[in-house]
Amino acid sequence: QEMIVFIGDRSSGSLFRIEKEGASWSRPVPLGSGIHSNYMESTASMTPDNKTIYFASNRPGGYGGMDIYTAQRKADGSWGEPVNLGPSINTRANEDAPFIHPNNTLLFFTTDRTGVIGGNDIYKSERINDEWQEPRNMGYPINTVADDSYFTLIADGTRGYFSSNRKGGLGGQD
């Protein structure tokens, strides 16, 4: 009933919310002053209870290019102040495309940090005792010398989906 969409281009843009109204979707509305900024907010993932959002932004105060942040939804439906996930997740490189698994303890994201196999790789971190553990590269065959991004995992953990520009696709990101 609710979808988060990105409106912008490769250099600027932000996240907007749209809601299903009958058979159609509402006009896009910015996510709110805490999340919506004059900087890039490129991708987001929300917990199943719609109370926590994870998103990527290049706003000041981060560790590098794009960093991953989280915010909590308040009782009135607005979003609280974003919190950077810190140096256990973010580096001087770009961390983007966060996906929080429905179990709320697994975070997948795309990065171009030191140690990637290709230009962008997919990493995974687990939250234990409210602390994100050192992210791990998901390795081959998920990651290749191509750009591998935007990983999502279905709730039972048996199937994942991601985007890649590896050879054998139809062109661009497949």
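In what order do the four strands of the open sheet lie? The order is S5-S6-S7-S8, and the pairing is antiparallel. The model on display is a predicted one.

**The sheet and its edges**

Select first the two edge strands, S5 (41–46) and S8 (83–84), each of which pairs on one side only. From S5, proceed to the hairpin that S5 forms with S6, where five residues lie between the two strands. In this turn, Asn50 has a positive phi of about 60°. S5 and S6 are joined by four bridges in the antiparallel sense; within this pairing, Ala44 stands opposite Phe55 of S6.

**Strand S6**

Next, select residues 52–57, which make up S6, together with residues 67–72, which make up S7. Six bridges connect these antiparallel strands. Two positions may be used to check the register: Thr52 is opposite Gln72 of S7, and Ala56 has Ile68 of S7 as its bridge partner.

In a regular strand, side chains alternate between the two faces of the sheet. In S6 both faces are covered: Thr52, Tyr54 and Ala56 are buried on one side, and Ile53, Phe55 and Ser57 are buried on the other. Six of the six residues of S6 are buried, so the strand is largely enclosed by the rest of the structure.

**Aromatic pairs**

Now display the aromatic side chains, among which there are five aromatic pairs. Phe55 and Tyr69 are a stacked pair because their ring centres are 5.7 Å apart and their planes meet at 20°, under the 30 degrees that counts as stacked. This pair links distant parts of the chain, with Phe55 in S6 and Tyr69 in S7, 14 residues apart. Phe55 and Tyr69 are both buried. Keep Tyr69 selected and add Arg59, whose charged end sits over the ring of Tyr69 at 5.4 Å from its centre.

Then move to Phe109 and Tyr123, a stacked aromatic pair with 6.1 Å from centre to centre and 25° between the planes. Phe109 belongs to strand S10 (residues 106–111) and Tyr123 to strand S11 (residues 121–128); the two residues are 14 apart, and their pair links distant parts of the chain. Phe109 and Tyr123 are each buried. Over the ring of Tyr123 sits the charged end of Arg113, 5.0 Å from the ring centre. One further selection among the aromatic residues is the cluster formed by Phe99, Phe108 and Phe151.

**The largest pocket**

Which residues lie nearest the centre of the largest pocket? They are Arg10, Ser42, Asp96, Asn120 and Tyr150, out of 18 lining residues. S5, S9 (95–100), S10 and S14 (148–153) are the elements that give two or more residues to this lining. The volume of the largest pocket is about 500 Å³. Coloured by class, its lining shows five nonpolar, eight polar and five charged residues.

**The second largest pocket**

Finally, turn to the second largest pocket, which holds about 380 Å³ of space. It is lined by 23 residues, and Ile4, Ala44, Ser45, Met46 and Phe99 are the closest to its centre. Strand S1 (2–8), S5, S9 and S14 each supply at least two residues of the lining. By class, the lining of this second pocket comprises 15 nonpolar, seven polar and one charged residue. Two of its central residues have appeared earlier in the tour: Ala44, which stands opposite Phe55, and Phe99, which belongs to the aromatic cluster with Phe108 and Phe151.

Conventions:
Residues numbered from 1 in each chain as written. Predicted model: local features only at pLDDT ≥ 70, side-chain atom pairs only at ≥ 80, totals over all residues. Heavy atoms only, no water. Pairing = 2+ DSSP bridges. Phe/Tyr/Trp six-rings, centres within 6.5 Å; stacked < 30°, edge-to-face > 60°. Buried < 20%, exposed > 50% of the residue type's maximum accessible area, 1.4 Å probe, protein only. Lys NZ or Arg CZ within 6 Å of the ring centre and 35° of its normal. 1 Å grid on protein atoms, 1.4 Å probe; cavity = no way out; pocket = protein on both sides within 12 Å on 5 of 7 lines; lining within 4 Å. Points joined across faces, edges and corners; volume = space filled by probe spheres on them. Nonpolar A, V, L, I, M, F, W, Y, C, P; charged D, E, K, R; others polar.
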